[in-house]
Amino acid sequence: MPIILRPYTLADFDFFWSTINSRIKWLASKGLEGQWGAEPWDSAVREHMRARLPEDASKGAHNWIAEVDGELAGFMQLTPLRAEHVPFPKSEDKPGDELYLRLFLVHPHFRGKAIGDFMLDFAQTFALEKKVDWLRLDCWKGPEGKDGLVKYYERKGFTRRREFVVPPQGSRPTEYSGQLMELKVVKVQ
């Protein structure tokens, strides 16, 4: 099952959008509505996201599509910009340049087929090529027993850096409990 990563194009947007809403439905079926809500996102969010991806690219973000045997399987964004909801670095943050992994998605059809692992390996290689010291991401922390996302990233070598909370806003009526994660970028021998 060969996996390739290629740059995202606007023609990939429908896949990107359907993957987000598929993940929302899957998360809700597992009782994990705290991450992205319980209902698929509406057309206003769709249009915001359609405009945001090229806007992010104009600010240095790199958007990637994973394909398996020509079938679209995943999406990720690597960017020098922190998400707006992530707290700015504190004095205890480790120094050095950083790259952020944002909007990391694997379509549920490809769940368990190591697509995410492949994309994370690529992200580390990309960060090394960009000569940054840290690959960082933020994710939903979840309550005890529903913190599988944090544990997934820990299994992949990331460490917990700092927790944060985003107050309710927009279509999200509850606060969002987040976890800033990081991985030291090192050259593999």
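In this predicted model, Val166 stands opposite Tyr176 in strand E7. That pair belongs to the junction between strand E6 and strand E7 (residues 176-184), which run antiparallel and are joined by 7 bridges. Thr159 likewise stands opposite a residue of E7, namely Glu182. Strand E7 also has a partner in strand E5, since 7 bridges join E5 to E7, and these two strands run antiparallel as well. Within this second pairing, Trp140 stands opposite Gly178 in E7. As a general point, strands of a sheet pair through backbone hydrogen bonds, either parallel or antiparallel.

The residue pairs that involve E7 can be set side by side.

| Residue | Residue opposite it in E7 |
|---|---|
| Val166 | Tyr176 |
| Thr159 | Glu182 |
| Trp140 | Gly178 |

How many of the 9 residues of E7 are buried? The count is 7 of the 9, so strand E7 is largely enclosed by the rest of the structure.

**The whole sheet**

These pairings are part of an open sheet of 7 strands, whose order is E1-E2-E3-E4-E5-E7-E6 and whose pairing is mixed. At the edges lie strand E1 (3-7) and strand E6 (159-166), each of which pairs on one side only. From one strand to the next, the twist averages 30°.

**Helices on the sheet**

Helix H1 (residues 13-29) packs on the sheet, where it touches strand E2 (62-68), strand E3 (71-79) and strand E4 (98-106), and its direction makes about 75° with that of E4. One of the residues in helix H1 is Phe15. Is Phe15 buried or exposed? Its relative accessibility is 10%, and buried means under 20%, so Phe15 counts as buried. Leaving aside residues up to four places away in sequence, Phe15 touches Ile65, Leu72, Ala73, Gly74 and His107. By contrast, Phe15 and Met181 are 27 Å apart in space, C-alpha to C-alpha, and 166 residues apart in sequence.

Helix H4 (residues 148-155) lies across E4, strand E5 (134-140), E6 and E7, and it runs at about 160° to E5. Its buried residues are Val150, Tyr152 and Tyr153. Because they cover an arc of only 155° around the axis, they are on the same side of H4. An α-helix has 3.6 residues a turn, so residues three or four places apart point the same way. The partners against which the buried residues of H4 pack are E4, helix H3 (115-129), E5, E6 and E7. After H4 comes Gly157, whose phi is positive, near 105°.

**The chain as a whole**

Taken together, the secondary structure of the protein chain comes to 4 helices and 7 strands, and along the sequence these follow the pattern β-α-α-β-β-β-α-β-α-β-β. The radius of gyration of the chain is 16 Å, close to the 16 Å that the globule rule gives for 189 residues, so the chain is as compact as a globular protein of that length. Along its principal axes, the C-alpha trace spans about 40 × 40 × 35 Å.

Of the 189 residues in the chain, 43% are buried. The accessible surface of the chain comes to about 10100 Å², and 54% of this belongs to carbon and sulfur atoms. Finally, if one considers the contacts between residues at least 6 apart in sequence, 65% of them join residues at least 24 apart.

Conventions: Residues are numbered from 1 along each chain as its sequence is written. This is a predicted model: local features need pLDDT of at least 70, side-chain atom pairs count only at pLDDT 80 or more; totals for chains, interfaces and linings use all residues. Side-chain values use heavy atoms; hydrogens and water are left out. Two strands pair if DSSP finds at least two bridges between them. Axes are lines fitted to C-alpha atoms, for helices over the stretch in contact, and angles run from 0 to 180 degrees between N-to-C directions. Contact means heavy atoms within 4.5 Å. The radius of gyration is taken over C-alpha atoms; the globule rule is 2.2 Å times the number of residues to the power 0.38. Buried means under 20% relative accessible area, exposed over 50%, partly exposed in between (1.4 Å probe, protein chains only). Accessible areas come from the Shrake-Rupley method with a 1.4 Å probe; for residues, only the protein chains shown count as cover. The arc is that of the directions from the helix axis to the C-beta atoms.
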